[in-house]
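Reader: I should like a close look at the aromatic rings of this model and at the groups that accompany them. Please treat them in one connected account.

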Amino acid sequence: MAMDGKKVAFLVASEGIEQAELVEPWKAVADGGGTPTLISKEAGEVQAFNHLTPADTFPVDVTLADASADDYDALMLPGGVANGDTVRTQPDAVALVAAFAAAGKPVGVICHGGWVLVEAGVVADRTLTSWPSLQTDYRNAGARWVDEEVVVDDGPFTLVSSRKPDDLPAFNREFLGVVGG
């Protein structure tokens, strides 16, 4: 899928990001001709994990204070329990997610990355998937949760969601198809 210079914001916490859920979509975007950008609360590096084991670090390209949905074509929310839980507590992150949704820009989310979608109030009447432990949170926020490899919901903004690292090939195919057109 050709991304034709599309810019994709990857929003993460300073640590706890599930490495595969950051690296594999990032590579897919870049290999497709897009430009991925890593956004986090603070400058420096973020720490990824392979489940609970520290993995690689990655340099932050743009801080949350300097990030704007206007500068990107789509948003990607990688998972990781600590990552998802931390991002949803950051008001600037919640505001950025809400801005992408309000602008009608596509959002991709994997595993625990979607907690910030609940905080931003953008999942009501949407169908999505995630790691199973989030299903009650989504349902309480008015979403329809399903246990599927990948779900594409074409609501006010297109929402592409997956459950776990094993789903990444299907997720990447659908996310790039949505963003690349």
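Over the ring of which residue does the charged end of Lys-7 sit, and how far is it from the ring centre?

Author: The model is a predicted one. In it, the charged end of Lys-7 sits over the ring of Tyr-72, at 5.4 Å from the centre of that ring. A second contact of this kind involves Arg-126, whose charged end is placed over the ring of Phe-157, 4.4 Å from its centre.

Contacts between rings come next. A pair of aromatic rings is described by the distance of the centres and the angle of the planes. Searching the whole structure yields 2 aromatic pairs. One of them is formed by Phe-10 and Trp-26; it is tilted, with 5.1 Å from centre to centre and 55 degrees between the planes. Because Phe-10 belongs to strand β1 (residues 7-11) and Trp-26 to helix α1 (residues 19-31), this pair ties together parts that are 16 residues apart in sequence. With a relative accessibility of 0%, Phe-10 counts as buried, whereas Trp-26, at 26%, counts as partly exposed.

The other pair consists of Phe-171 and Phe-175: the ring centres are 5.5 Å apart and the planes stand at 10 degrees, so the pair is stacked; the cut-off for stacking is an angle under 30 degrees. Both residues lie in helix α6 (residues 168-180), with a separation of 4 residues, about one turn of the helix. Phe-171 and Phe-175 are both buried.

Definitions and conventions. Residues numbered from 1 in each chain as written. Predicted model: local features only at pLDDT ≥ 70, side-chain atom pairs only at ≥ 80, totals over all residues. Heavy atoms only, no water. Phe/Tyr/Trp six-rings, centres within 6.5 Å; stacked < 30°, edge-to-face > 60°. Helix = DSSP H or I, 4+ residues; strand = E, 2+ residues; numbered from the N terminus. Buried < 20%, exposed > 50% of the residue type's maximum accessible area, 1.4 Å probe, protein only. Lys NZ or Arg CZ within 6 Å of the ring centre and 35° of its normal.
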